[in-house]
Amino acid sequence: RKRQSMLNDTKRIFKCMRKSSQNLMFLRCIQSLILFIALGLSGVIKAETTKALQFSAKNSEVGFSGEHAGMSFNGIFEQWNAELVLPPSSLPKISATFVVSSAKTGNSTYDSTLPTGDWFDVNNHPVSQFNSTEIIVEGKDYKVNGELTLRGISRPVTFLLRSQGNQLTANFNIDRLAHNIGMESDPSAEWVSQHIRMKLSLKK
């Protein structure tokens, strides 16, 4: 009887040990599952809430250049703001607003002409806006498709936004005649470049 009792006790112990082992494995599976879900959710949240980058003339530069009567000119916008949300965000976007009257070249003749009705017409169109429609990752850079509104006229724009260390840079042309800029005084682009070169230098 005593031997049978010991045998029964041994069976109970092994059964308990097997059950404990199963419980431990179950707990480990649950822990792994929770960790997997947490990591997945953190990735989704990170992608959805990628921090927006803010830029302005205080720390970055938006410039333009062209030719007038065979001579080169350069200028900058002294007042503008831009917000960039870049991939891996699932909702990337770029939006920018420029105070058109803040365009300065350092040449008094150009600077007094640009705001007039034939050129930027700042009284009727004080701001210019850019809004992206698509941002595509290309290596470490971004191909940006968007729409530029200038003088109340919107036209598509595409450029490559390059990531260079602590800077984002881009160069692209805009067709001034497509925005009716200088259409009265120089509609054939005989004196002033038809395509104005834009240069972006954004410091992160």
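Which residues of the largest nonpolar core touch the most other members? This and the exercises below concern a predicted model.

**Exercise 1. Identify the centre of contacts in the largest nonpolar core, and examine the surroundings of one such residue.**

*Solution.* The largest nonpolar core has 37 residues, and L84, F159 and L161 touch the most other members. For L161, residues up to four places away in sequence are set aside; the remaining contacts are L84, L86, I94, D141, Y142, V144, L168, T169 and A170. L84 thus appears in the contact list of L161. L84 also stands opposite I94 in β5. F159 is buried, with a relative accessible area of 7%. As general background, nonpolar side chains in soluble globular proteins tend to be buried together.

**Exercise 2. Describe the secondary structure of the chain and determine the strand order of the sheet.**

*Solution.* Begin with the inventory: the chain contains two helices and eleven strands. In sequence, these elements follow the pattern α-β-β-β-β-β-β-α-β-β-β-β-β. Next, consider the spatial order. The open sheet of eleven strands reads β1-β4-β5-β7-β8-β9-β10-β11-β2-β3-β6, with antiparallel pairing. The edges are occupied by β1 (53-56) and β6 (103-104); each has a single partner strand, so one side of each is left without a neighbour in the sheet.

**Exercise 3. Follow the sheet from β1 to β7, giving the bridges for each pairing and one example of facing residues.**

*Solution.* The first step joins β1 to β4 in the antiparallel sense by four bridges. Within this pairing, Q54 has E83 of β4 as its bridge partner. The second step joins β4 to β5, again antiparallel, through six bridges; here L84 faces I94 of β5. The third step pairs β5 (residues 93-99) with β7 (residues 127-138), antiparallel over five bridges. In this case A96 has F130 of β7 as its bridge partner.

**Exercise 4. Classify the aromatic pairs F77–F98 and F130–F159, and state which strands they connect.**

*Solution.* The count of aromatic pairs is six. For F77 and F98, the ring centres are 5.6 Å apart and the planes stand at 55°, so the pair is tilted. F77 belongs to strand β3 (residues 71-77) and F98 to strand β5, so the pair ties together parts that are 21 residues apart in sequence. Both F77 and F98 are buried.

The pair of F130 and F159 is also tilted, with 5.8 Å centre to centre and 50° between the planes. F130 lies in strand β7 and F159 in strand β9 (residues 153-164), so this pair ties together parts that are 29 residues apart in sequence. F130 is buried, at a relative accessible area of 7%, and F159 is buried with a value of 7%.

Finally, ring pairs link F64, F77, W80 and F98 into a cluster.

**Exercise 5. Decide whether S56, S89 and D186 are buried or exposed, and describe the surroundings of each.**

*Solution.* The criterion for a buried residue is a relative accessible area under 20%.

- S56 lies in strand β1. S56 has a relative accessible area of 12% and is therefore buried. Leaving aside neighbours within four places in sequence, S56 is in contact with W80 and N81. S56 and K203 are 147 residues apart in sequence, yet their C-alpha atoms are 9.5 Å apart.
- S89 is located in the loop between β4 (80-85) and β5. Its relative accessibility is 6%, so S89 counts as buried. The side chain of S89 reaches the backbone nitrogen of L91 at 3.1 Å.
- D186 is situated in the loop between β10 (167-175) and β11 (195-203). At 3% relative accessibility, D186 is likewise buried. The side chains of D186 and R176 are joined by a polar contact of 2.9 Å. Beyond neighbours within four places in sequence, D186 is in contact with R176, L177, W191 and V192.

**Exercise 6. Summarise burial, surface and contact range for the whole chain.**

*Solution.* First, burial: 33% of the 204 residues count as buried. Second, surface: the chain exposes about 13,300 Å², of which carbon and sulfur atoms supply 56%. Third, contact range: among contacts in the chain with a separation of 6 or more, 55% are between residues 24 or more positions apart.

Note on methods
Residues numbered from 1 in each chain as written. Predicted model: local features only at pLDDT ≥ 70, side-chain atom pairs only at ≥ 80, totals over all residues. Heavy atoms only, no water. Pairing = 2+ DSSP bridges. Buried < 20%, exposed > 50% of the residue type's maximum accessible area, 1.4 Å probe, protein only. Contact = heavy atoms within 4.5 Å. Areas by Shrake-Rupley, 256 points an atom, 1.4 Å probe, with all protein chains shown as cover. Core = buried A, V, L, I, M, F, W, Y, C linked by side-chain atoms within 4.5 Å. Polar contact = N/O pair within 3.5 Å; in protein donor to acceptor, adjacent residues only side chain to side chain. Phe/Tyr/Trp six-rings, centres within 6.5 Å; stacked < 30°, edge-to-face > 60°.
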